[in-house]
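I opened the model today to look up a few points on strands, domains and chain contacts. My notes follow in the order in which I checked things.

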Amino acid sequence: MFGFLVRRLINYIVLCVVATFLSFTLSSISFDPLSLLRQHNPPPPAATIEAKRVELHLDQPIPVRFLTWGEGVLHGDFGETTKDHAITEELWRRVGVSLRLFLLGITIGIALGVLIGVASAVRQYKLFDYISTFFSYVILATPVLVLGPLVKQVAQAINNATGSEWLQFTGEYSGTLDADAGWLAAFDERLRFLIVPTVTIVLGQIAYYSRYQRSAMLDVLGSDFLRTAQAKGLTRRRAFFKHGLRTALIPMATLFAFGFGLLVVGGVFTETIFNWQGMGAWLVQGINDQDTNVTATVTLFVAVCVLLSGWLSDVLYALLDPRIRV
Amino acid sequence: MSASEITLDEGLLDGAGDGPVLEVADLDVSFPSESGRVHAVRGLTYQVARGEVLGIVGESGSGKSVSSLAVMGLLPEQARITGSIRFQGQQLLGLSDVQLSKIRGRRISMVFQDPLSALTPVYTVGDQIAEALLIHGRGKVSKHAAANRSVELLDLVGIPNAAARAKAFPHEFSGGMRQRAVIAMAIANDPDLIIADEPTTALDVTVQAQVLEVLKTAKEVTGAGIVIITHDLGVVAGFADRLMVMYAGKAVETGHVNEVYQQPRMPYTLGLLGSLPRVDAAEKLPLVPIKGQPPSLTDLPPGCPFAPRCPMAVDDCLTEEPALSEVDSTSGHRAACIRSAELAATEAAADEIEGVDASNAAAIETAVEVFGAELVAEPKAALRPRTERPTVLGVESLVKHFSVTKGVVLKRKVGTVHAVDGVSFEVREQETLGLVGESGCGKTTTLMEILGLTRPTGGNISVLGKDVSTLDAKGRKAIRRDMQVVFQDPLASLDPRMPVGDVIAEPMQVHGFDAARINKRIPELLDLVGLRPEYADRYPNEFSGGQRQRIGIARALALEPKLLVLDEPVSALDVSIQAGVINLLDKLKAELGLSYLFVAHDLSVVRHIADRVAVMYLGKIIEIGDVDSVFGAPSHPYTQALLSAIPIPDPVKERARERIILSGDLPSPANPPSGCRFRTRCFLHATLSDSDKAKCIEVEPPRESQGEDHEVACHFARTKQVV
């Protein structure tokens, strides 16, 4: 099993390189970083443009550019943006912003999604099941671009009703907090800005996972071993949780991983709506600036997230299911 | 509390001592469904005494499983249950799930049908048994003690090396071992009642014999009353004390097991007995088919529910449903039939012919007479000796190996599964060869190799005199016209979106028949298999299992083949339906001069239908010959064990039999034992001297003649009568 996981990890590193290379190549072909410079009025001299071209390595073939960039990455240097900022400086701050949002969102989303899915399965064709099914489909059918503003509206209504401005929904912090305000105030500050975007993510996650968990649980509810567990003397409820839920979680393991990957990809919208300066927003900015290095860096980040979560799901799968531990 | 209530309580306490363990009275269970309420159990009343074994027999949909799930309180919530279920005097109906959970597993326990899915896949077997002890131990049983006890229990039910095996997960156990583990769980808390719902149905016959032994042990150890539910009259014959036959949610006959088998007083019971092919039948008896199918339980018409299928039905039968009434005032034998006295008279007449003895031959004779079953006359060509008839299918030293590979990108071979390892047999014209063996013995692989018509890994297959390895695509198509197949699962083998007429027409279209000829042939074929020609427009889901199998046979016959390959054609059918299909196959063979290769695990069916039989074990034929020699004088220890494991539906005979119980499971075909492949489980091998043992280990026994048309592959073959 250990060997299997190591081999998987090596496979994933190769996949990361391939994904990043493709993204790098595609953006290098389609982007023209010099266009901004050419549009300057009065037009800069040809020598200046040529100098910029050499600085950005645009005179070299794409694979060579990729190797140059890749070598830097191995040393922890992700290159510079077209505006001459070091990417590495900004990278970790943005990764922190994104992960704070997504990890919290997915953790709460999975926990609630599983609970609601199980509850709907146990109460199949009863009121709770109908309500949760209805809302799941409504949320799944609503794009984040609509859902985000809707949650904002609700937050605004809550603020109005309580007569406070506690819930915030633009940016990550106000920047008005005193430096010596203490950790509690700092925590409160972050929390105020975190709640609304997190709720937006959590809603989507619940809708997604609860549907899968419901059908996985329904499969298990009709199974013979659950009947055996009850025949042994477990109450219906204990049998459901100890034998049923434990088994119904197995097919979810794969889903958790790729759900996280999808979330990070979709994070572009969530971050933009709430004006969070995370990786998603950076990708949008990078494309606007015709910036290959930023695009490739974000791609690498997403690939690492997707594949790492895929790897974690393999580990999780093995922990949950003794049948595949070999 | 008033005085009268006190006496009532005392009476109850007394009753708990030596009264029945379980008393079910007027039990009704119904479920809502789209077509109305399904009355699955209707007014069921029965008792089980301490240490008594009650057999409940019935076909699918008779309500036998539902009634016992009601006792356990394991029916789904939407079930409506009325009546009374008293366990040791305590009323179980109306108890909450929490109250029932204190009784379940401690005082009443249950063994289910499918051992493969009955255990939770994610916990170890030992943990699951220990759980049964811990739930009811209320903190007094330590985890350590429960784990130790679960090892003892596994040992008791015959799991070798129990301490190590307790740490294994269910997927590491074979089907038979899992069922033993479930039984271990059931007896863990020394219950007073064990309900076994079809405990051996999913198992191979030798494993079934092992599990029945374990159940007997369980009964001795716990002294519990046992309710065993089955559709197999053979299984209960040797095990049950009393029998209850169920039909359409009701008990239609109950009584001591001997009386029910010897003097059945309800035509349904009689029909069931008569419909079973017998492995102990020296001469071929006609099988009794029960026409029609069980009624729908949503809207039962008044009158006896069996009347539409009953050959003895009179007008009175349709007015009122007969109550279960005493047939014999002394023994408690009861039947629900207004004409049971007439059955007694027919049987008395049969007794005069058969001679009164302890067997149930007279009952079978009565069944044949009442239901008017007839033996199919043997075709004339059968009179010619078989050596003079041409060979339609010849298989010589057939080998099929599957490679076991590892790795995804760079596949490398890590082993070989010897699925079929040198199998030779031939099927002559108008002859039926039965190919039998347990699951994993290679009989299906052999069949698939024959149907594939391609060059095998090794050996030769010739169909109608043509070697298949020399065939091109055109030649293969021509041969397929003469060799057709009938599959096991009649539902899965028919396209649900095709009307039956199209299903039957398809092979003819493929072989270029013109439309006029096809349209003429469809009604002919339907008529041939006993279906109405107007059924051609209906879809497969409108038919019952037996009818679907008839459609499958009609499709196979469309091209007028010479050879039919039948893969377990009746094993998915209920017994009363099965007899009709077997009779049909018999009739078709005689009328159309067909040859059959009949693959089956049910040796009783094979004895009835086949002329010759080949017994397979781990990819080899270990005994082959005409049916009477192989069944009457089996010479290979495996054949003897296999035959002795088959239960006979006659309690007196069954109890008197000495059973050979094989130890363990089939070895892996990826790593078969050296020399004789059967030696690891052979009871004969164990009794041999060391030098003889060495011969078994080193030399693979060749197939040697044991008499006219009887070959055996055993160094120390000796005949032993087992049925």
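**Entry 1: a parallel strand pair in chain B**

I looked up Met110(B) and found that its bridge partner in β7(B) is Ile195(B). I note here that the model is a predicted one. The two strands involved are β6(B) and β7(B), the latter covering residues 193–197, and they pair in the parallel sense over four bridges.

I then asked which way the residues of β6(B), 108–111, point. Ile108(B) and Met110(B) go one way, while Ser109(B) and Val111(B) go the other way. I checked burial as well: all of these residues are buried.

**Entry 2: the open sheet in chain B**

I traced a second set of strands and wrote down the order β2-β1-β4-β5 (chain B) for an open sheet of four strands. The pairing in this sheet is antiparallel. I marked β2 (38–48) and β5 (90–91) of chain B as the edge strands, since each pairs on one side only.

For β1(B), residues 22–31, I counted seven bridges to β2(B), in the antiparallel sense. I also looked for what stands opposite Phe31(B), and it is Val38(B) in β2(B).

Next I asked which strands helix α2 of chain B lies across. The helix, residues 64–72, lies across β1, β2 and β4 of chain B, with β4 covering 80–87. I noted its direction as about 110° to β1(B).

**Entry 3: domains of chain B**

I copied the bounds from the domain assignment of chain B:

- Domain 1 is 50–78 + 97–240.
- Domain 2 is 261–371.
- Domain 3 is 382–617.
- Domain 4 is 628–723.

I took the centres of domain 1 and domain 2 of chain B over C-alpha atoms and got a separation of 33 Å. For contacts between these two domains, I found four residues of domain 1 and five residues of domain 2. On the domain 1 side, the residues sort into two nonpolar, one polar and one charged.

**Entry 4: chain A against chain B**

How many residues of each chain are in contact with the other? I found 20 residues of chain A in contact with 26 residues of chain B. On the chain A side, the elements that give two or more residues are α9 (224–232) and α10 (236–248). The largest share comes from α9(A), with eight residues.

I sorted the chain A side by class and obtained six nonpolar, seven polar and seven charged residues.

Methods
Residues numbered from 1 in each chain as written. Chains lettered and ligands numbered in written order. Predicted model: local features only at pLDDT ≥ 70, side-chain atom pairs only at ≥ 80, totals over all residues. Pairing = 2+ DSSP bridges. Contact = placed C-beta atoms within 7 Å. Axes fitted to C-alpha atoms, helices over the stretch in contact; angles between N-to-C directions. Nonpolar A, V, L, I, M, F, W, Y, C, P; charged D, E, K, R; others polar. Domains from an automatic or database assignment. Buried ≥ 20, exposed ≤ 12 C-beta atoms within 10 Å, placed from the backbone.
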